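Here are my notes on the model you sent round, written as numbered points. Have the structure open as you read.

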Amino acid sequence: MGTEAMFAVKGKDFVIIAADAMTSFSVMKLKDDYDKIWEVEGKLFAASGPSADASNFMEFIEKNINLHTLRTGLKLSTKASANYTRNELAQSLRKKGSYQTDLLIGGVDADGPKLYFMDYMGSSESVNKAAHGYGAMFTFGLMDRYWKPDMELEEAKDIIRKCIKELEVRFVVDLGKYICKVVTKDGTRLETL
């Protein structure tokens, strides 16, 4: 768990994910405009952890999901993408170089929106709301209180704004700006909060 924050909320026909844009090493801020949310074949993958691990792992996942589509002509569903990603994380634990990467995976399939919470140990769960990083310690209560089934986008954005505000008030580190993206049946897009 690093000094970072990622939040995700599943709504009626979308998944919204927000992540801070800061990368750090030890006590040094290295960058404040790093996009931690990857767009892979119409799905969103938010990856946290050491930036080298997160970047290398997500490039590996992105290329292999694309390769699967090229070979078969079929796109993976959100569940299949999450299961493939979970399996690769679990396999890396058995090798010398495991990835210290936590993920939030969101997508919209024919049967509706899906959100998956995944940690660096390879555990995965389908959820309605999720958070990673130190930000999760402060915001799960807010998400539990305000999340409801069939939320509209503005309601979900309000939850994300409340989570960010809570961190600004209570967390000792200023994480700076956040990048927010939404996935719907029509694809992914950048969203302003």
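Before the helices, some bookkeeping: axes here are lines fitted to C-alpha atoms, for helices over the stretch in contact, and angles run from 0 to 180 degrees between N-to-C directions. Helices (H or I, at least four residues) and strands (E, at least two) are DSSP runs, numbered from the N terminus. This is a predicted model, where local features need pLDDT of at least 70 and side-chain atom pairs count only at pLDDT 80 or more, while totals for chains, interfaces and linings use all residues. Residues are numbered from 1 along each chain as its sequence is written, and side-chain values use heavy atoms, with hydrogens and water left out.

1. Start with α1 (residues 51–72) and α2 (residues 78–93), whose axes come within 11 Å and cross at roughly 130 degrees. That angle makes α1 oblique to α2; angles under 35 degrees count as roughly parallel, over 145 as roughly antiparallel, 65 to 115 as roughly perpendicular and the rest as oblique. The crossing of this pair is right-handed. On handedness, a crossing is left-handed if the near helix is turned anticlockwise from the far one by less than a right angle, and right-handed if clockwise.

2. Which residues of α1 and α2 make the contact? From α1 come Phe-57, Phe-60, Ile-61, Asn-64 and Ile-65, and from α2 Ser-81, Tyr-84, Thr-85, Glu-88 and Leu-89. Contact means heavy atoms within 4.5 Å. By type, the contact residues are 6 nonpolar, 3 polar and 1 charged, where Ala, Val, Leu, Ile, Met, Phe, Trp, Tyr, Cys and Pro count as nonpolar, Asp, Glu, Lys and Arg as charged, and the others, Gly among them, as polar.

3. Next, have a look at the loop between α1 and α2, where Leu-76 sits. At 15% relative accessibility, Leu-76 is buried; buried means under 20% relative accessible area, exposed over 50%, and partly exposed in between (1.4 Å probe, protein chains only). Beyond its neighbours within four places in sequence, Leu-76 touches Glu-41, Lys-43, Ile-65, His-68 and Ser-81. Gly-73 is in the loop between α1 and α2 as well, but at 59% relative accessibility Gly-73 is exposed.

4. One of the contacts of Leu-76 is Glu-41, which deserves its own check. Glu-41 is in the loop between β5 (37–40) and β6 (43–48), and is buried at 18% relative accessible area. Its phi is near 45 degrees, a positive value in a residue other than glycine. Most residues other than glycine have a negative phi. Asp-150 has a positive phi too, near 60 degrees. Asp-150 belongs to the loop between α3 and α4 and is exposed, at 56% relative accessibility.

5. On to the helices either side of that loop: the axes of α3 and α4 come within 9 Å and cross at roughly 140 degrees, and this crossing is right-handed. Gly-135, Phe-138, Thr-139, Leu-142, Met-143 and Tyr-146 of α3 meet Ile-159, Lys-162, Cys-163, Glu-166, Leu-167 and Arg-170 of α4. Those contact residues split into 7 nonpolar, 2 polar and 3 charged.

6. Now the inside. A nonpolar core is a set of buried Ala, Val, Leu, Ile, Met, Phe, Trp, Tyr and Cys residues joined through side-chain atoms within 4.5 Å. The largest one has 25 residues, and Phe-7, Val-9, Ile-16 and Leu-167 touch the most other members. Two or more residues come from each of β1 (5–10), β2 (15–20), α3 (134–146), α4 (153–170) and β11 (178–184), with α4 giving the most, 7 residues.

7. What does Leu-167 touch, not counting residues up to four places away in sequence? The list is Ala-5, Phe-7, Gly-135, Phe-138, Leu-175 and Tyr-178. There is also a second, separate core of 17 residues, which includes Trp-38, Met-58, Leu-89 and Leu-103.

8. Last, two threonines. Thr-23, in strand β3 (residues 23–25), is buried at 9% relative accessible area. Its contacts beyond four places in sequence are Met-28, Lys-29, Leu-30, Lys-31, Tyr-34 and Ser-51. Thr-184, in strand β11, is buried at 15% relative accessibility, and on the same sequence rule it contacts Asp-13, Phe-14, Val-108 and Arg-189.
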